[in-house]
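Got your viewer open and a selection box ready? Here is a walk through one model, stop by stop, with something to click on at each.

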Amino acid sequence: MQIRPAAALTGALLGMSALFLPMATPTAAARTTGHGHHRHPATVAHRGASAYAPENTLAAVDAADDLGIDWVENDVQRTKDGELIIMHDTTLSRTTDVEQVFPDRAPWNISDFTLDEIEKLDAGSWFGPEFTGESVPTLDEYMDRVSDNHQKLLMELKAPELYPGIERQTLRELRREGWLDHRHKRRLIIQSFSADAVRTVHRLRPDVKTGFLGTPAVADLPEYAEFTDQINPGYKTIDADYVAEVQSLNGAHRRPLEVFTWTVNDGPAAVSVARMGVDGIITNKPDVVRDALDEAD
Ligand code: G3P
Ligand code: CA
């Protein structure tokens, strides 16, 4: 695999400083940024730095790293022959050239294609000619790159109802790659819109940090707190009271539930949700969010 020494070193230094600097909130994920005086929510590059490189590719992971962003988010799904790959949509159409390469295979569901077939696709040129030849990463390839960059991963199990057993399979691959070892699992959160999937991950590996994607009613939060460490809502669905209600409960690891909100792509919105007290901001433009938070200090 390709290693980029300068970027890797930057990432390593950022990762180390995050270990030693004081935490912003009672939660573990928020990190100190700027000049070290102020505490910001974690900035998470959504599908990688997806405003600047094709989403969910290794180029998008590297684009986040090049910006000095240590958290990336991705989406995991499964091919026809049972391999785990990284892609957001449940079809290959929007982010690859599948309709040209396999014109007779509509509706181009991921689950109808083998890994060999998916590896023939171009997942970069739709975004820009400079990304031509970028491929759809396997989970293994993706984890290797995150690891090489010394980054941290907010991993989404996407549409798990389409892929029975994907929770166990994903955990098995992560374990094989060393991501569930004591030292590394602190750099991993597994989230899903499916409460069942999050519950399953927690049952299979209670030591792994988890997140539920959505905005449950306040009355239902205690139930979610049994199996998740985060409640991760769309940013237009929350206010400061909701964030405080979530954080007032202890999550599955007996620490205050965290809030990572999405998808915040402009500075004023980032400052607004930071003032609500969120622990993380998931964004396609992590540099814009980081700069806005620095300027608002
Ligand atoms: O991580 C939050 C966000 O990714 C959820 O929405 O559709 O982009 O997967 P979506
Ligand atoms: Ca996602």
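What follows is a tour from the whole chain down to single residues.

**The whole chain**

Keep in mind that this is a predicted model. Start with a cartoon of everything: the chain has 11 helices and 11 strands. Color by burial and you'll find that buried residues make up 56% of the 297 residues. Switch on a surface and you're looking at about 12900 Å² of exposed area, with carbon and sulfur atoms supplying 51% of it. If you like contact maps, count pairs at least 6 apart in sequence: 61% of those contacts join residues at least 24 apart.

**The largest nonpolar core**

Now select Met155, Leu188 and Ile190. They have the most contacts inside the largest nonpolar core, a set of 45 residues. Who contributes to it? At least two residues each come from helix 2 (58-66), strand 4 (71-78), strand 5 (84-86), helix 4 (115-118), helix 5 (139-148), strand 6 (152-157), helix 6 (166-176) and strand 7 (188-192). Helix 2 gives the largest share, six residues.

Stay on Leu188 and show what surrounds this side chain. Beyond its neighbours within four places in sequence, Leu188 is in contact with Leu153, Met155, Leu174, Trp179, Leu180, Val208 and Lys209. Apart from the core you've just seen lies another one, of 25 residues; to find it, select Phe227, Leu257, Val264 and Leu293, which are among its members.

**The calcium ion**

Next, center on ligand 2, a calcium ion. Which residues coordinate the calcium ion? Show sticks for Glu73 (OE), Asp75 (OD) and Glu156 (OE), and you have the donors, at 2.1 to 2.4 Å. Along the sequence these donor residues follow the spacing E-x1-D-x80-E. The site links distant parts of the chain: Glu73 belongs to strand 4 and Glu156 to strand 6, 83 residues apart.

Are Glu73 and Glu156 buried or exposed? Glu73 counts as buried because its relative accessibility is 3%, and Glu156 counts as buried because its value is 4%.

**Helices 5 and 6**

Select helix 6 and pick out Ile166, Glu167, Gln169, Thr170, Leu171, Glu173 and Leu174: these are buried. An α-helix has 3.6 residues a turn, so residues three or four places apart point the same way. To see what covers the buried residues of helix 6, add strand 4, strand 5, helix 5, strand 6, strand 7 and helix 7 (195-204), which are included in that cover. Then step past the end of helix 6 to Gly178, where phi is positive, near 85°.

Helix 5 makes a good companion stop. Its buried residues are Leu139, Tyr142, Met143, Arg145, Val146 and Asp148. Just after helix 5, check the backbone of His150, which takes a positive phi of about 60°.

**A cavity and Thr95**

Time to look for empty space. A search of the whole structure turns up one cavity of 30 Å³ or more, and the largest cavity has a volume of about 60 Å³. To outline the largest cavity, select its lining: Pro54, Glu55, Asn56, Thr57, Ile86, Met87, Thr95, Ala123, Trp126, Ser135, Val136 and Pro137.

From that lining, zoom in on Thr95, in the loop between strand 5 and helix 3. Thr95 counts as buried because its relative accessibility is 6%. Not counting residues up to four places away in sequence, Thr95 touches Glu55, Met87, Asp122, Ala123 and Trp126.

**Two last clicks**

Go to Asn109, in the loop between helix 3 (98-101) and helix 4. With a relative accessibility of 24%, Asn109 counts as partly exposed. Draw a distance from its C-alpha to that of Thr90, 19 residues away along the chain, and you should read 6.0 Å. Leaving out neighbours within four places, Asn109 is in contact with Thr90, Thr91 and Leu92.

Finish at Ala45, in strand 3 (residues 42-45). Ala45 is buried, with a relative accessible area of 0%. What is packed around Ala45? Setting aside neighbours within four places in sequence, Ala45 is in contact with Ala64, Ile69, Trp71, Val72, Glu73, Thr283 and Pro286. One more distance to draw: the C-alpha atoms of Ala45 and Lys285 are 7.0 Å apart, with 240 residues separating them along the chain.

Definitions and conventions. Residues are numbered from 1 along each chain as its sequence is written. Chains are lettered from A and ligands numbered from 1 in the order in which they are written. This is a predicted model: local features need pLDDT of at least 70, side-chain atom pairs count only at pLDDT 80 or more; totals for chains, interfaces and linings use all residues. Side-chain values use heavy atoms; hydrogens and water are left out. A nonpolar core is a set of buried Ala, Val, Leu, Ile, Met, Phe, Trp, Tyr and Cys residues joined through side-chain atoms within 4.5 Å. Buried means under 20% relative accessible area, exposed over 50%, partly exposed in between (1.4 Å probe, protein chains only). Helices (H or I, at least four residues) and strands (E, at least two) are DSSP runs, numbered from the N terminus. Contact means heavy atoms within 4.5 Å. Donors are N, O and S atoms within 2.8 Å of the metal (3.2 Å for Na, K and Ca); water is not among the atoms, so sites may look incomplete. Accessible areas come from the Shrake-Rupley method with a 1.4 Å probe; for residues, only the protein chains shown count as cover. On a 1 Å grid over the protein atoms alone, a cavity is a set of points where a 1.4 Å probe fits but cannot get out, and a pocket is an open set with protein on both sides within 12 Å along at least five of seven lines; lining residues have an atom within 4 Å of a point. Grid points are joined across faces, edges and corners, and a volume is the space filled by probe spheres set on the points.
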